[in-house]
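Thanks for coming. I'll take one residue to begin with, then its surroundings, and then the chain as a whole.

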Amino acid sequence: MYKLAKPVALLCETSLHAGSGIDLGAVDMPIQRERHTGFPKVESSGIKGSFRQAFYQLEEVSVAGITLNKEQNRKKELALSFGPEDGGLHAGALGFTDARLLLFPVKSAKGVFAWITCPLVLQRFRQDLKRCNQEVELPIPPESSIPENSKLYVKDNKIVLEEYTFEIKNFAHEDCSRLANWLSKYMLPKDENYAYLREKMLTDLVVLSDTDFSDFVNLSTEIITRTKIDPKTGTVQGGALFSEEYMPSETLLYTLVLTTPIFNKDKGAFTPKAGRTEEQLVMDYFVHNLPSVIQLGGNATIGKGLIRTKAVEV
């Protein structure tokens, strides 16, 4: 049973294809989606595999004040936390939930793009924060609300997202402004390179109805048509035309990192010390060594799936 949990924000630096296999529908290779809502997601197995690979490539890690080089980390601490290569030996002490969608970017007539969300998504996020023992007073604004000083208005209280016009009934809503401030502060990277996005979050967030949000995340993903080149002729190979679906860059997701005590007699650097339990040391190992960028999903060789990570510290 998992003892500790912590949210980690996942910001798409490039478009993300977490595929669900080949489909006979309009898109040959669609992305993973929740069955009951249709919202995009990333399976926990893919999340864990990407983080494991990122930790595997670290030159050194710090565990309970001890610095380990790459080979030391690979031999023991990586296996104890993520699980050994031979999965039959023992389970890893780290677990992950599916990555859920929090904010989805859509084209806007003003402000270039807006982030959209909905009450259902925000309620689930608040519940997940409580599972992490983070009793945050996260406001859930009503649908059709927008923060103060928004730059999205085209006329009076109307905004245009994609080709649809929305009348904002709860303009300059206090809860929406509080939510935008919270997301800007805790869910986006703190370094100077992201100052523009943090400022944009304060004004260009839109809370839509659950139904409108569902329509956008189902109909406004990126669909890219690709071909295969015949190496002998240098031209398109016959019958090799296919389409792929992507979550766009600037999509914001989150996952919960879960830890348990070590499932092995030799606990390595995770041996309890100075009042720190095994599960706390495993969580410290993950958070303190968390790579700032990981690659998630398919098509890594064409630059897809670069994800900026951030442990959410409230």
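Leucine 205 touches Leu103, Trp115, Thr117, Ser145, Ile146, Pro147, Cys176, Leu179, Ala180 and Leu183, leaving aside residues up to four places away in sequence. Keep in mind that this is a predicted model. Leucine 205 belongs to strand S11. Is leucine 205 buried or exposed? Its relative accessible area is 0%, and buried here means under 20%, so leucine 205 counts as buried.

One distance for scale. Valine 236 is 31 residues from leucine 205 in sequence, and their C-alpha atoms are 42 Å apart in space.

Strand S11, residues 205-207, also helps to cover a helix, H5. Helix H5 runs from 195 to 203, and its buried residues are Ala195, Leu197, Arg198, Lys200, Met201 and Thr203. An arginine and a lysine are in that list, Arg198 and Lys200. Besides S11, the cover over the buried residues of H5 includes strands S1 (4-12), S6 (99-107) and S7 (113-117), together with helix H4 (174-186).

Next, helix H1, residues 44-56. Its 13 residues at 1.5 Å each should span 18 Å, and the end C-alpha atoms are 18 Å apart, so expectation and model agree. Within H1, the buried residues are Ile47, Ser50, Phe51, Arg52, Ala54 and Phe55.

Now two loop residues with positive phi. Asparagine 133 has a phi near 60°, and it is not a glycine. It sits in the loop between helix H3 (119-131) and strand S8 (153-155). Its relative accessible area is 64%, so asparagine 133 is exposed. Alanine 172, again not a glycine, has a positive phi of about 50°. Its loop lies between strand S10 (164-167) and H4. Relative accessibility is 37% for alanine 172, which means partly exposed.

Finally, the whole chain. How many helices and strands does the protein chain have? There are seven helices and 16 strands. The radius of gyration is 21 Å, and the globule rule gives 20 Å for 314 residues; the two are close, so the chain is as compact as a globular protein of that length. The C-alpha trace spans about 65 × 60 × 35 Å along its principal axes. Of the 314 residues, 50% are buried. Among contacts with a separation of 6 or more, 70% join residues 24 or more positions apart.

On the surface, the chain exposes about 15200 Å², with 50% of it supplied by carbon and sulfur atoms. As for charge, there are 37 positive and 40 negative charges, and their mean positions are 3 Å apart.

Notes: Residues numbered from 1 in each chain as written. Predicted model: local features only at pLDDT ≥ 70, side-chain atom pairs only at ≥ 80, totals over all residues. Heavy atoms only, no water. Helix = DSSP H or I, 4+ residues; strand = E, 2+ residues; numbered from the N terminus. Rg over C-alpha atoms; globule rule 2.2 N^0.38 Å. Buried < 20%, exposed > 50% of the residue type's maximum accessible area, 1.4 Å probe, protein only. Contact = heavy atoms within 4.5 Å. Areas by Shrake-Rupley, 256 points an atom, 1.4 Å probe, with all protein chains shown as cover. Lys, Arg positive; Asp, Glu negative; His and termini not counted. Charge placed at Lys NZ, Arg CZ, Asp CG, Glu CD. Expected span 1.5 Å × (residues − 1).
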